[in-house]
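Open the model in your viewer and keep the selection tool ready. We will go from one residue to a helix and then to the place where two chains meet.

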Protein chains: 2
Amino acid sequence: MAILIYKGDRDITRWLEALKAVDDTLDIRVYPEVGNAEEITFALTWPYPHGLWNDFPHLKAISSIGAGVSHILEDKTLDRDMPILKLTDSRLNQSMWEYLLATISYQAMQLHRYAQQQSEKVWAELPPRGFDSVTVGIYGLGSIGKFVAERLAAEGFVVKGFANSSKEIAGVEVYTPSEVTDTVMQSLDIVVSILPLTAQTEGFFDQAFFARLKKGATFINVGRGAQLIEVDLIEALESGQLSHAWLDVLVQEPLREDHPFWAHPQVSITPHIASITDPLSVAAQIVENYHAAMQGNALHNVVDREMGY
Amino acid sequence: MAILIYKGDRDITRWLEALKAVDDTLDIRVYPEVGNAEEITFALTWPYPHGLWNDFPHLKAISSIGAGVSHILEDKTLDRDMPILKLTDSRLNQSMWEYLLATISYQAMQLHRYAQQQSEKVWAELPPRGFDSVTVGIYGLGSIGKFVAERLAAEGFVVKGFANSSKEIAGVEVYTPSEVTDTVMQSLDIVVSILPLTAQTEGFFDQAFFARLKKGATFINVGRGAQLIEVDLIEALESGQLSHAWLDVLVQEPLREDHPFWAHPQVSITPHIASITDPLSVAAQIVENYHAAMQGNALHNVVDREMGY
């Protein structure tokens, strides 16, 4: 019985320390130092070469290293019955909250427009706008999305949530796809994607979507890069339909050097920092799932493959 | 009995509407349309030419149009017994809170450094820093400062408050001047001035102050411009002692066109937007003080001239 980690070229020292701190009897191996493939019973993985996990006949479950699992679901070679596990983490919620609070309040205070004015040496007060006159649309109401939506509402923002199924969230109006009217779309000042990447969400934020928004709206992506049609975003920014975008996730990461986003004055790029999984905060949960898998007990946070999250 | 407003060149339509909405029997005059100077019994004023209020023999009180009163206290021609009134306003607290939450969370998330990296096309994650590892020092614990300090603590920041006298604020360590050690100064990641302008605070943020801070700290001024020695700030930014400054108040407003702050990459300028007095929110309080002054009753929010606030 051993855990095999696929890390790519990351430094995972802190992960190994955190797992050992929970259970120092664990046999943890780091790909490609596999040892006897027959002994591998649990996988912990970042994005990996598809097909990799089929080489381990006694594998019982594959755990993602974060909340996202699209890097595993995309591997069509995987046995349909192999449990895929995601992590949930209150630090992850908090980390996402901090990033979104910073960027949403920056946009709500129109600091992007004041930065533009400063570059033109213009001293002019814009019509003031309190948080309670700013409407934020949250796309994706999984555990992180719900957490963020509820806290934004408590902070005084008007919050509307968008999800496939109806949910109860304090202070938040929730819309399922059939309930979304033009009036709702026109009410949004700031649109945030915290969606998982699925067949339904790929390319979701496109020209048609942006055209339905209020002129001058803001787009913030902390979901997955492939949900956004990048050329459509640039067009919407340049026509003035959108005023600014914050992108923490991108189709290709790192962003390639000749990408127009780098130098675009209406685009703020951050290198996938919004939701950092803290090893210390999730190690116990991984170890618990490992032992459950070894003993044939019920696993936690099993992904529904049809839903994609 | 009449109220005289000194407005300078501002459009005060919304103020007049708000005051009339509270009491439509008020006789309100706007300088220089004074009428009979004997009839003026109450003043409401933005910065005005010193000596102006001595022309009204029956004046009972002078009210500032906001929380700040230095524009009145600086008028040394005023009768020492003339009551000077300030406004307190929950909208004002909220407006200040929103500005500070936006700028403090921007700095805490190191978004100023990511903006710099973007300009250099650098995709690199900085060591992550949660709100709970960021220490914010609040200078000035009047009604706005207390409100902001308490909410920042509730948001998860480590908050230290600095004031002339000790105060109890939930979640905040408060230091009087004699209690401030080098260790305390070195712990501050972000320094915020919400101080009133007094003889003690003029020029308070200078080379010696900045030198005591942790290297790379942030300075945010929402107090008054003259609290800052501007050349010392530029020197501290350029030496790397400070990483960034947000200035919403300046020695001279509007900032003159040839001022080095405009084009400084480590300085963000906003045109005095942090604490906007909303006429609708304070009109009742002004009218109440007016009636109290007319009837010889106790006034609210009378400024202590010795303290300066």
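Is T41(A) buried or exposed? Select it and turn on the surface. This is a predicted model, and in it T41(A) has a relative accessible area of 7%. The cut-off for buried is under 20%, so T41(A) counts as buried.

Now show the backbone around T41(A). The residue is found in strand β3 of chain A, residues 40–45. Next, display what surrounds it. Leaving aside neighbours within four places in sequence, T41(A) is in contact with M1(A) and A2(A). The run H58(A), L59(A), K60(A) and A61(A) also touches T41(A). Y290(A) and M294(A) complete that list of contacts.

**Helix α4**

Move to residues 111–119 of chain A, which form helix α4. Colour its buried residues: L111(A), H112(A), Y114(A), Q117(A) and Q118(A). What do they pack against? Within chain A, select α3 (90–108) and β11 (242–247). Then add the partners from chain B: α3 (90–108), β11 (242–247) and β12 (267–269). The buried residues of α4(A) thus have packing partners in both chains.

Step just past the end of the helix. There K121(A) takes a positive phi of about 55 degrees.

**Where the chains meet**

Show chain A and chain B together. Select the contacts: 42 residues of chain A touch 42 residues of chain B. The two chains bury about 3,700 Å² between them. Carbon and sulfur atoms account for 67% of that area. On the chain A side, pick out Q118(A), W123(A) and W262(A), which lose the most area to chain B. Together they make up 23% of what that side buries. Q118(A) is one you have already coloured, among the buried residues of α4(A).

Switch to charges. The interface holds 4 salt bridges by the rule used. For a salt bridge to zoom in on, take R151(B) and E155(A): their side chains meet at 3.0 Å, N to O. Polar contacts are next, with 18 residue pairs across the interface, both residues at pLDDT 80 or more.

Which elements supply the chain A side? α3, α4 and β12 (267–269) each give at least two residues. The largest share, 10 residues, comes from α3(A). Colour that side by residue type, and it divides into 23 nonpolar, 9 polar and 10 charged.

**Last stop: confidence**

Colour chain A by pLDDT. The average is 95, and 100% of the residues score at least 70. The model as a whole scores ipTM 0.83 and pTM 0.84.

Notes. Residues are numbered from 1 along each chain as its sequence is written. Chains are lettered from A and ligands numbered from 1 in the order in which they are written. Side-chain values use heavy atoms; hydrogens and water are left out. Buried means under 20% relative accessible area, exposed over 50%, partly exposed in between (1.4 Å probe, protein chains only). Helices (H or I, at least four residues) and strands (E, at least two) are DSSP runs, numbered from the N terminus. Contact means heavy atoms within 4.5 Å. Buried area is the accessible area (1.4 Å probe) that two parts lose on being put together, summed over both. A polar contact is a pair of N or O atoms within 3.5 Å; within protein, one must be able to donate a hydrogen and the other to accept it, and residues adjacent in sequence count only if both atoms are side-chain atoms. Ala, Val, Leu, Ile, Met, Phe, Trp, Tyr, Cys and Pro count as nonpolar, Asp, Glu, Lys and Arg as charged, and the others, Gly among them, as polar. pLDDT is the predictor's confidence in each residue, from 0 to 100.
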